[in-house]
Protein chains: 2
Amino acid sequence: MNPSPVNQPAHTELPESTRDRLIASAREVFAESGFKGATIREICRRAEVNVAAVNYHFNGKEALFMAALELEPLENLIGQADAATNAEDRLAGFIREFLIRLMEGYCTPHSQLIMRELLEPSPALDSIASEFIAPLHEHLAGLVREIAGGRLTDDAVRRCVFSVFGQCSYYRNSREMNRRIYPALDYDAAEIEATALQITEFSLAGIRKLAGK
Amino acid sequence: MNPSPVNQPAHTELPESTRDRLIASAREVFAESGFKGATIREICRRAEVNVAAVNYHFNGKEALFMAALELEPLENLIGQADAATNAEDRLAGFIREFLIRLMEGYCTPHSQLIMRELLEPSPALDSIASEFIAPLHEHLAGLVREIAGGRLTDDAVRRCVFSVFGQCSYYRNSREMNRRIYPALDYDAAEIEATALQITEFSLAGIRKLAGK
DNA sequence: TTGCAATTCAAACAGATGTTTGATACACTT
DNA sequence: AAGTGTATCAAACATCTGTTTGAATTGCAA
């Protein structure tokens, strides 16, 4: 695209290798348009590389998708919220951290990509489910059991986990819809904190009520 | 496709007009694959009509999508749950009816189509938001206010509405994911009833706690 | 420099997609 | 029977898709 590709550092952006730039822009485009909607040409345009690079460095669109999916950055979500000692505070921390990642994912395409997987099964769904989502469910189930004091059946615990997950993910999943219904609503840091607090209080009351406390 | 298109009533299926068959199969395919993923040829194949019929009876893919979106069958959701008198029972009825539509939508592609819209903005999102989702939010907000006895700010009410919506829609949105994490889980009528009851109790406790009751 | 392998590139390829076309069949009126 | 407007169809069209190709460029060692 540059008329004279002399060796100038220029805008100092895109310093990484072609492969890394491809992964970065793939996360963006896949997150925005899904696996099917994303196009190789758009990914390469943003990465400023030739379309053939996808098949050279990876082996096609699907392999690039898998490469864009490394889950480590999201896995510390559990440890992050485990500073507190009692289960109630740890639940509050988990909801807060989860919500922040969900909503800030609007800027960081990485978690956005994972959240989209949650709704739209793709070839990578199985590994995401077992490696990322299932541990979150187990962790949350432990917190719910502790808060309920062992007074809930496994089914009830599972539904409580779903309730907490559902409340949080709704803020991301229905963002476009809610933006139209509540145009004035803006999810800045303060709004996210307030939302996390309310979800926590709401959920604690729900769990305790179900546990008969 | 038939080698000899003589005038036989044959399998007596697809008795409707070409236009109606197109809308029916469009609902199926759009619900399964989304707006972008769905193809005219697949829609026409299932409707057993020529591909040109889409541009003859409608004006292209997008117009067919709009036509497949008539919202009336879902709008009686509010009235359906308004038999009870007190707000608590009406909330219970709403959650139950909403959940049934969400989960049975797996078989009826019509609501499946709407739910997909909620996650994946398409050209039809604006009309869906204002004509279908917004009234549901308003109705639910009224119930929450009544239950809380006017002791909640507008923001808190909105977040309670989001919590109820979020819990319910999670069961549909994350169905594929949860099927992998809990392979034994089956959403038959009994499981749906139990889930609706637990979401209701969970939410009532949350609303009351936030209202300071 | 020379040689060699890795990398990048423009161009082309093969297939799928939404749309259009022109012909044909049908139902109904005059 | 001739006319008329609707409906259907196979085929073609233009565009976009992921992928491949073969040449050009680069980086680096001998």
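In this predicted model, the surface near DNA strand D is made up of nine nonpolar, five polar and two charged residues. Altogether, 16 residues surround DNA strand D, and the closest are A:Ala52, A:Gly60, B:Thr18, B:Asn50 and B:Ala52. Two or more residues of this surface come from each of helix H2 (40-47) and helix H3 (52-57) of chain A and helix H3 (52-57) of chain B. The top contributor to the surface near DNA strand D is H3(B), which gives three residues.

We can now turn to the other strand. Around DNA strand C there are 16 residues, of which A:Thr18, A:Ala52, B:Ile40, B:Ala52 and B:Gly60 come nearest. Here the elements giving two or more residues are H3 of chain A, along with helix H2 (40-47) and H3 of chain B. Sorted by class, the surface near DNA strand C holds nine nonpolar, five polar and two charged residues.

How are the two protein chains arranged with respect to each other? Chain B is superposed on chain A by a rotation of 180° with a shift of 0.1 Å along the axis, and the RMSD is 0.3 Å. The two copies are therefore related as by a two-fold rotation axis. The same surface is used by both copies, since 100% of the contact residues of chain B recur in chain A. Within chain B, the residue that comes closest to the rotation axis is B:Gly166, with its C-alpha at 2.4 Å.

The contact between the chains involves 39 residues of chain B and 39 residues of chain A. On the side of chain B that touches chain A, at least two residues each are supplied by helix H1 (18-37), helix H8 (109-119), helix H9 (125-148), helix H10 (154-173), helix H11 (175-181) and helix H12 (189-210) of chain B. H10(B) provides the largest share of this side, with twelve residues. By class, the side of chain B that touches chain A divides into 19 nonpolar, twelve polar and eight charged residues.

H10(B) itself deserves a further look. This helix has 20 residues and spans 27 Å from its first C-alpha to its last, close to the 28 Å expected at 1.5 Å a residue. H10(B) also carries a kink of about 25°, centred on B:Gln167. As for its surroundings, H10(B) is mostly covered, with 18 of its 20 residues buried.

Technical notes
Residues are numbered from 1 along each chain as its sequence is written. Chains are lettered from A and ligands numbered from 1 in the order in which they are written. This is a predicted model: local features need pLDDT of at least 70, side-chain atom pairs count only at pLDDT 80 or more; totals for chains, interfaces and linings use all residues. A residue is near a molecule or strand if its C-beta atom, placed from the backbone, lies within 6 Å of it. Helices (H or I, at least four residues) and strands (E, at least two) are DSSP runs, numbered from the N terminus. Ala, Val, Leu, Ile, Met, Phe, Trp, Tyr, Cys and Pro count as nonpolar, Asp, Glu, Lys and Arg as charged, and the others, Gly among them, as polar. Copies are superposed by least squares on the C-alpha atoms of residues with pLDDT of at least 70 in both. Two residues are in contact if their C-beta atoms, placed from the backbone, lie within 7 Å. The expected span of a helix is 1.5 Å times one less than its number of residues. The bend at a residue is the angle between axes fitted to the seven residues ending there and the seven starting there. A residue is buried if 20 or more other C-beta atoms lie within 10 Å of its own, exposed if 12 or fewer, and partly exposed in between; C-beta atoms are placed from the backbone.
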